[in-house]
Amino acid sequence: MAKKPTSTNRTTIPATAGKSDATHIKGSDPVAPLERAEAKPAAKASPKPRPPAEEKPATLQSESASVTPRTPAPVAAPASAKEVLKSPSQPDAAPAQPQSVHVVEPLPVGTHAPDEEPAHQPRPNLFIVHITPEMAPVAKVGGLADVVFGLSQELAIRGNHVEIILPKYDNMRYDHIYNLHVDFQDLFVPWFDGTIHCTVYFGLVHDRKCFFIEPHSQDDYFNRGSIYGFQDDVMRFAFFSRAAMEFLWKANKHPDIIHCHDWQTALVPVYLYEFYQRIGMTHPRVCLTIHNYQHQGVIGGELLRATGLHDPQRYFDYNRLRDNYHQHALNLLKGGIVYANFVTTVSPRYAFETKDGGQGFGLEPTLHTHHIKYGGVVNGIDYGVWNPEVDGYIPTRYGIDSIDGKYDNKRALRDRLMLAHNEKPIVAFIGRLDPQKGLDLLRHAIFFALERGAQFVLLGSSPDQAINADFWGLKNMLNESQDCHLEIGFDEELSHLIYAGADMMLVPSRFEPCGLTQLIALRYGTIPVVRSVGGLADTVFDMDNSDLPLQERNGYVFENYDHPGLEYALGRAMACYSDHPDRYREMIKNAMRYDYSWNLPGQDYLNIYDFIREK
Ligand code: ADP
């Protein structure tokens with residue numbers, strides 16, 4: 001298998017954790033001790049890679065212990081999450097043992113520092129529960145859905161027991177759920193002054209063990225025809241989070257790790273530490289992954305009445321859930337950051353940008369307070385789905401040793417979209433038509449590419465009708481062009497053909513937490529042309545301006561969000577395609593050689609779980 005270069009910015013998470021002898025943490029308050037927690041001095045970490053259930057290249061295993069951040073200011077490594085959690089008033093808590101966890105110094109792939117432990121140390125398997133509002137393909141709005149789908153399988157392949165809890169939406173892809181049946185008939189979930197009766201279903205989604213919670217109430221929280229977009233969204237997901245925790249408790253499930261995602265399930269650690277730990281659920285530890293800071297779940301005091309968090313003084317405290325801007329509002333994502341045992345976001349650069357680069361949408365001070373338990377892990381993509389060697393949606397399969405097959409797909413793409421067959425490169429864009437994605441630069445790029453002798457293909461849609469209308473106008477304007485096709489809509493199948501048939505993939509985002517399109521494009525040998533933000537900066541390395549060796553450069557990058565920036569990167573990509581085909585072909589190979597599967601991030605998350613879990 002191809003190996004990924006060492007010098008990428010894949011993670012700022014510790015390779016593994018020191019262990020403490022801490023006993024059960026009962027009734028602990030994560031807030032007060034956290035304020036006192038100090039980062040420990042860095043010392044050598046001892047990587048404890050697990051033997052994978054499937055054969056994994058040893059070099060990749062060991063690399064997870066040797067990644068070093070390239071970001072200007074790496075996120076500080078955690079000191080001791082257990083110490084963070086421990087309340088000083090807790091009589092039965094053992095004194096915290098000194099722990100030493102840090103981002104290790106860079107080592108060449110496949111090597112370890114002399115004092116590190118050998119690579120194949122056995123480790124116990126874990127019981128991991130994801131609580132999530134989305135999972136591909138049954139309930140997908142964005143990349144979060146793909147992450148839960150891919151990560152859960154990677155964790156299971158490595159021998160862990162993984163379960164996933166979702167709402168039972170009426171608009172799910174039920175055709176992807178196997179053997180759906182009632183698992184827990186009568187779950188009564190506290191809500192306002194009473195309870196809501198729920199039924200919990202179980203089914204397999206492509207072998208993943210999934211529980212679906214269906215509430216029976218006149219609010220009909222999840223029978224709305226779509227996943228989001230309702231005025232009571234915050235209440236809906238505050239309820240779901242409570243129901244998921246109540247289900248774990250009543251079903252007598254005591255996972256080692258609860259992994260929750262985004263603001264929708266950020267109340268999970270709050271419920272755990274405020275309710276369930278006190279009545280005996282002392283075992284689980286919580287990891288919160290934030291996929292995008294733009295949405296945080298902000299709501300007024302009615303949340304407290306609904307959830308039973310009946311202490312306004314406590315929860316409106318600035319150190320707990322009070323929104324950093326609005327003193328009469330509560331912020332679910334902030335609560336999650338405060339209460340979770342570890343918080344990740346989806347790339348090291350985005351971790352830096354959110355904490356120190358003004359991209360935290362107001363949560364910067366909270367991230368600073370909790371920096372010792374915060375870091376970034378670049379998402380993987382599912383190579384079972386995104387792999388040109390086996391992709392059933394493309395007419396010709398190809399790999400790094402048969403790149404010419406890519407040009408059959410280019411012809412097929414042109415046939416399908418009625419584009420001219422000529423010598424021009426195809427520049428593509430696939431994504432949500434959201435301002436985050438850099439829509440004004442995208443528009444400019446279409447005209448720039450056409451003027452400079454390229455073809456352009458766009459596949460995208462927006463829930464915002466004004467934006468859709470704008471792109472429909474553009475489509476009509478360019479309708480006569482045989483070098484341009486804009487497809488306004490969502491089409492998974494067509495996206496595969498575009499990834500395979502295009503020459504370049506444009507991602508001009510204003511901000512991009514991780515980005516999956518560039519990762520998929522790399523896999524298909526489609527050269528990414530990206531703005532240097534978030535996960536794009538961590539995964540795409542400029543052909544002309546990089547300190548990486550030539551064979552590790554895989555795309556074109558621009559810094560400034562403006563027309564000259566975009567033209568600089570796209571212009572160079574097009575020039576290389578036309579003027580230096582051999583060089584371009586080498587770049588395609590470089591791109592395809594990268595490993596952005598779940599293999600490495602899977603190990604990173606296990607390291608985090610090990611770090612926070614109770615012995
Ligand atoms: P985000 O999560 O911000 O939407 P990502 O880059 O993380 O962006 O993930 C986008 C995913 O959705 C990619 O897999 C991309 O191929 C897919 N996608 C986006 N828009 C479309 C569309 N219109 N049709 C098909 N797939 C799409």
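Student: This structure holds 26 salt bridges. What makes a pair a salt bridge?

Tutor: A salt bridge needs a side-chain nitrogen of Lys or Arg within 4 Å of a carboxyl oxygen of Asp or Glu. Side chains of opposite charge can pair when their charged atoms come close. Before we go on, this is a predicted model, where local features need pLDDT of at least 70, side-chain atom pairs count only at pLDDT 80 or more, and totals for chains, interfaces and linings use all residues. Residues are numbered from 1 along each chain as its sequence is written, and side-chain values use heavy atoms, with hydrogens and water left out.

Student: How do you know that Asp146 and Lys140 meet in a salt bridge?

Tutor: Their side chains come to 2.9 Å, N to O, and the limit is 4 Å, so the pair counts.

Student: Why is Asp146 called partly exposed?

Tutor: Compare its value with the cut-offs: buried means under 20% relative accessible area, exposed over 50%, and partly exposed in between, with a 1.4 Å probe and protein chains only. Asp146 has 22% relative accessibility, so it counts as partly exposed. Its partner Lys140, at 34%, counts as partly exposed too.

Student: And are Glu154 and Arg158 buried or exposed?

Tutor: Glu154 has a relative accessible area of 7%, so it is buried. Arg158 has 3%, so it is buried as well. Their side chains meet in a salt bridge at 2.8 Å, N to O.

Student: Which parts does the salt bridge between Asp544 and Arg583 tie together?

Tutor: The closest N and O atoms of Asp544 and Arg583 are 3.2 Å apart. Asp544 lies in the loop between α17 (534-539) and β17 (556-558), and Arg583 in helix α19 (residues 581-593), so the pair ties together parts that are 39 residues apart in sequence. These helices and strands are DSSP runs, numbered from the N terminus, with at least four residues for a helix (H or I) and at least two for a strand (E).

Student: Which residues are linked in a network of salt bridges?

Tutor: Glu274, Arg278, Arg314 and Arg320 are linked that way.

Student: Now the ligand. How do you know that a residue belongs to its surroundings?

Tutor: A residue is near the ligand if one of its heavy atoms lies within 4 Å of it. By that test, 18 residues surround the ligand, and Gly143, Arg432, Gly489, Tyr499 and Leu516 are the closest.

Student: What makes the pair of Leu516 and the ligand a polar contact?

Tutor: A backbone N or O atom of Leu516 lies 2.8 Å from an oxygen atom of the ligand. A polar contact is a pair of N or O atoms within 3.5 Å (within protein, one must be able to donate a hydrogen and the other to accept it, and residues adjacent in sequence count only if both atoms are side-chain atoms), so this pair qualifies. The side chain of Lys437 also has an N or O atom 2.9 Å from a ligand oxygen.

Student: What makes Asn179 unusual?

Tutor: Most residues other than glycine have a negative phi, and most peptide bonds are trans. Asn179, in strand β3 (residues 177-191), has a positive phi of about 60° although it is not a glycine. Met418 has a positive phi too, about 55°. At 69% relative accessibility, Met418 counts as exposed.

Student: Where is a cis peptide bond?

Tutor: A cis bond joins Ala136 and Pro137, with omega about -10°. Pro137 is found in the loop between β1 (127-131) and α4 (143-157).
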